Structures are given as C-alpha cells and as structure tokens.
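Student: I'm new to this one and would like a close look at a single part. Could you take me through how two neighbouring strands are joined, and then what surrounds them?

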Amino acid sequence: MAEKLAPEKRHSFVHNGQKVFEWDQTLEELNIYINLPENVPKKLFYCKIESKHLEVGIKGNPPYLNHDLMNPVKTDCSFWTLEDDILHVTLQKRDKGQTWSSPILGQGQLDPYASDLEQKRLMLQRFQEENPGFDFSQAQFSGNCPDPKTFMGGISST
C-alpha cells in the first residue's frame, strides 16, 4: 500500500534549456539524480554534502553543482552512490515531513500546483506511516492540504 504513495515521477531541474538533474522526495529523504557524462572514469566523480550545501563534480574541474540547499539535511545520514550512469544523492531531511519545493535554494521551484500535489502526497505518506494496515492511496483532500510536518502537533524527526 505504501508503495502507491511513493513519488510517481521525478521533477526535472532545467537551466538554459538543459536538464541539470531530476529529483523526488519522501517524508524523510530528498533524492537527486544526475546523468553522468560518458567516457569519464567513475572514480573521478565526487560529492560533498554539508548541512545546507551540496557540491558535485569531476575532480580537477569546476563543480557541476555548487549550491545551497533549500533546507538543512542530516549529513551523517545523507550519502551518494553511482548507479549505472547516474549519480544518486540521497539527502536525509533534518525536518521529517517538510515539503521541499526545490532541492536548490532559489532555483527551479515547483509551480504552486505541483507543490500542492507534493504536499498532499507527503501528507498521505504520513497518514500511511502513522496508520499501518490502512490504505490511503485513494484518499483525497478537499481545499488546502495541511503541512505534513506540523499537522496535529507535528511529526517526530527521530
């Protein structure tokens, strides 16, 4: 049942007409997916994750990404991997349940409609997590959806 509430599609961050990366999120994590260039040895790629900053690049070159994050992350639980031809960065949200409108501060914000859909999906994930055995995948909100981080006293970040 919970898999029905997983992100259905990734959001794309496009700059000057070129896709920079794709991303999605859950209650606890934000994932960034970067397509790797061909013919570059995998051992040359690097990723530096700080509480409010992300740097990704190829050693010996200017960074591909060097930006502040939209919100803080837990660095001890965040990591990156190389999967096939994709660099996958998993950022553990410091504030569980917080809806991010973009991974990068001031860049590529979701439009209000897409942001509202994300908030609703995360709220349903929260209901599913708090009520195992119930299926919320077909539930709908009428009107404004509450913030999944603060609804009914908040959500534990532990």
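Tutor: Start with strand E2, residues 18-25, and strand E3, residues 29-35: the two run antiparallel and are joined by four bridges. To put your finger on one of those links, find Asp 24, whose bridge partner in E3 is Asn 31. Keep in mind as you look around that this is a predicted model.

Now zoom out a bit. E2 and E3 belong to an open sheet of five strands, and reading across it you meet E1, E2, E3, E8 and E7 in that order, with antiparallel pairing. The sheet ends at strand E1 (11-15) on one edge and at strand E7 (73-83) on the other, and each of these pairs on one side only. If the sheet doesn't look flat to you, here's a number for that: going from one strand to the next, the twist averages 20 degrees.

There's also a record to lay over this picture. An unreviewed UniProt entry carries the annotation "domain: CS" for residues 16-104. In the model that span is 56% strand and 0% helix, and the C-alpha atoms at its two ends lie 16 Å apart.

Back to our pair of strands, since E2 and E3 also help to line a pocket. The second largest pocket holds about 250 Å³ of space. Its lining is made up of 18 residues, and those nearest the centre are Ile 34, Asn 35, Leu 36, Pro 37 and Tyr 64. E2 gives the largest share of that lining, four residues. E3 and strand E5 (53-58), like E2, each supply at least two residues.

One last thing you might go hunting for is a disulfide. For background, that's a covalent bond between the sulfur atoms of two cysteines. This structure has zero of them. Why doesn't Cys 47 form such a bond? Its sulfur is 15 Å from the closest cysteine sulfur, the one in Cys 77, and that is too far for a bond. To count as a disulfide, the two sulfur atoms would have to be within 2.5 Å. Looking from the other end, Cys 77 has Cys 47 as its closest cysteine by sulfur, again at 15 Å and too far. As for their surroundings, Cys 47 is buried, with a relative accessible area of 12%, while Cys 77 counts as partly exposed at 36%.

Methods. Residues are numbered from 1 along each chain as its sequence is written. This is a predicted model: local features need pLDDT of at least 70, side-chain atom pairs count only at pLDDT 80 or more; totals for chains, interfaces and linings use all residues. Side-chain values use heavy atoms; hydrogens and water are left out. UniProt positions are given in the numbering used here, feature names are shortened, and annotations may be inferred rather than shown by experiment. Two strands pair if DSSP finds at least two bridges between them. Axes are lines fitted to C-alpha atoms, for helices over the stretch in contact, and angles run from 0 to 180 degrees between N-to-C directions. Buried means under 20% relative accessible area, exposed over 50%, partly exposed in between (1.4 Å probe, protein chains only). On a 1 Å grid over the protein atoms alone, a cavity is a set of points where a 1.4 Å probe fits but cannot get out, and a pocket is an open set with protein on both sides within 12 Å along at least five of seven lines; lining residues have an atom within 4 Å of a point. Grid points are joined across faces, edges and corners, and a volume is the space filled by probe spheres set on the points.
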